[in-house]
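Visitor: Hello! Could you show me how to read the surroundings of a ligand?
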Amino acid sequence: MSAGASLVEAPARPLRTFALTVAAVRQLTPHFRRITFTGGDLALFGTGAGGETLDLRIKVLIPPPGRGLPELHAVRGSLQDGWYPAWLAVDEAVRGVMRTYTVRALRPAVPASPDFPGAPAELDIDFVLHPGASGPAALWAAGAQPGDPLLVIGPCARWGRCLGIEFAPGGAGRVLLVGDETAVPAIAAILESLPPHIIGHAVLEVPTAADFLDIHSAARVEVRWHARNGAAHGTLLDAAVRNVIVPAAKRQGDEPEEVDVDSAVLWETPECRPGHGLYAWIAGEAAAIRGLRRYLVRDVGMDRNSVAFMGYWRMGQALAA
Ligand SMILES: Cc1cc2nc3c(=O)[nH]c(=O)nc-3n(C[C@H](O)[C@H](O)[C@H](O)COP(=O)(O)OP(=O)(O)OC[C@H]3O[C@@H](n4cnc5c(N)ncnc54)[C@H](O)[C@@H]3O)c2cc1C
């Protein structure tokens, strides 16, 4: 069946599976490995209203060693109610491992013309190869070769709202984007999409200076890279944010509710659209993000409807999907 035909026939559900194949692997820096995927299903991949992906999160399903991709409760790729508990109920040795990643870029297919052979739709994911990478996703990325299959779960283009995008600055004219290496793909995609009138700062912490990347943006957002060079995770981000956002003398907020990042996911995103001031988007290692949350909410008194705090991973813990 062609992608065009399945676009018409597939039942509309929020999420669907994408059976993809590795088309290219590029080691961008010592710790960033860009993997480009192709697959006819990509014609059905959902995006924001203008085709943007911003911080769009997806799930990748790593097959167990020596086995094929697991089956999911789906009809022609569209995930049905109860698909997740059904997957969890399958024996761990068979179901594979699910992890969360960001769409770094999505390029639509370019049809062939008399002068051009055409190009398939492509999706890029930037995988962090963290030092001593022991997790199944980082290990898979480290060994990936063109031709390898991967099952991705992402938004369906036919569903009204694209699930998985959190970046929502509303009318804000100033942004603060903060993240460690796992949030760099999202921050880079966000920066690329911002219009010229937006000002602000992006504060990024990565393992080494060799991991600094070129990011193009029309916005007037100053990008500040920080090389960890073995320092404790998140300490440079903390210092850098305190440097950029200084508390006003009399403006203080309440102590935010405690979140035990070892037993719960730190994920706090605004419930309504922010106004015109500053909008902050902050993601990375959960304990580091919790510290920044305390600083911005309690010491700076930031309006919680203007800031998204997201624990992307937890030091020392395998991430349950
Ligand atoms: C919304 C969202 C978007 C994300 N986008 C991306 C992305 O685009 N690219 C990306 O690389 N990651 C991204 N992540 C983070 C990624 O999901 C985690 O790093 C995940 O733990 C990797 O899975 P794994 O199987 O390699 O390791 P796991 O099995 O989960 O963990 C194994 C061990 O590795 C440690 N570990 C995991 N990640 C890191 C790290 N970065 N540095 C040091 N130690 C680590 C864990 O603490 C654990 O001890 C995202 C997470 C979320 C929630």
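Visitor: Which residues are the closest to the ligand, and how many surround the ligand?

Guide: First, the ground rules: this is a predicted model, where local features need pLDDT of at least 70, side-chain atom pairs count only at pLDDT 80 or more, and totals for chains, interfaces and linings use all residues. Residues are numbered from 1 along each chain as its sequence is written, and side-chain values use heavy atoms, with hydrogens and water left out. A residue is near a molecule if one of its heavy atoms lies within 4 Å of it. Here 25 residues surround the ligand, and Thr 100, Val 128, Arg 314, Gly 316 and Leu 319 are the closest.

Visitor: Which polar backbone atoms lie 2.7 Å from an oxygen atom of the ligand?

Guide: A polar contact to the ligand is a pair of N or O atoms within 3.5 Å. One such backbone atom belongs to Thr 100, and another to Gly 316. Thr 102 uses a polar side-chain atom, 2.8 Å from a nitrogen atom of the ligand.

Visitor: How do the residues of the shell divide into nonpolar, polar and charged?

Guide: Ala, Val, Leu, Ile, Met, Phe, Trp, Tyr, Cys and Pro count as nonpolar, Asp, Glu, Lys and Arg as charged, and the others, Gly among them, as polar. This shell has 13 nonpolar, eight polar and four charged residues.

Technical notes:
A polar contact is a pair of N or O atoms within 3.5 Å; within protein, one must be able to donate a hydrogen and the other to accept it, and residues adjacent in sequence count only if both atoms are side-chain atoms.
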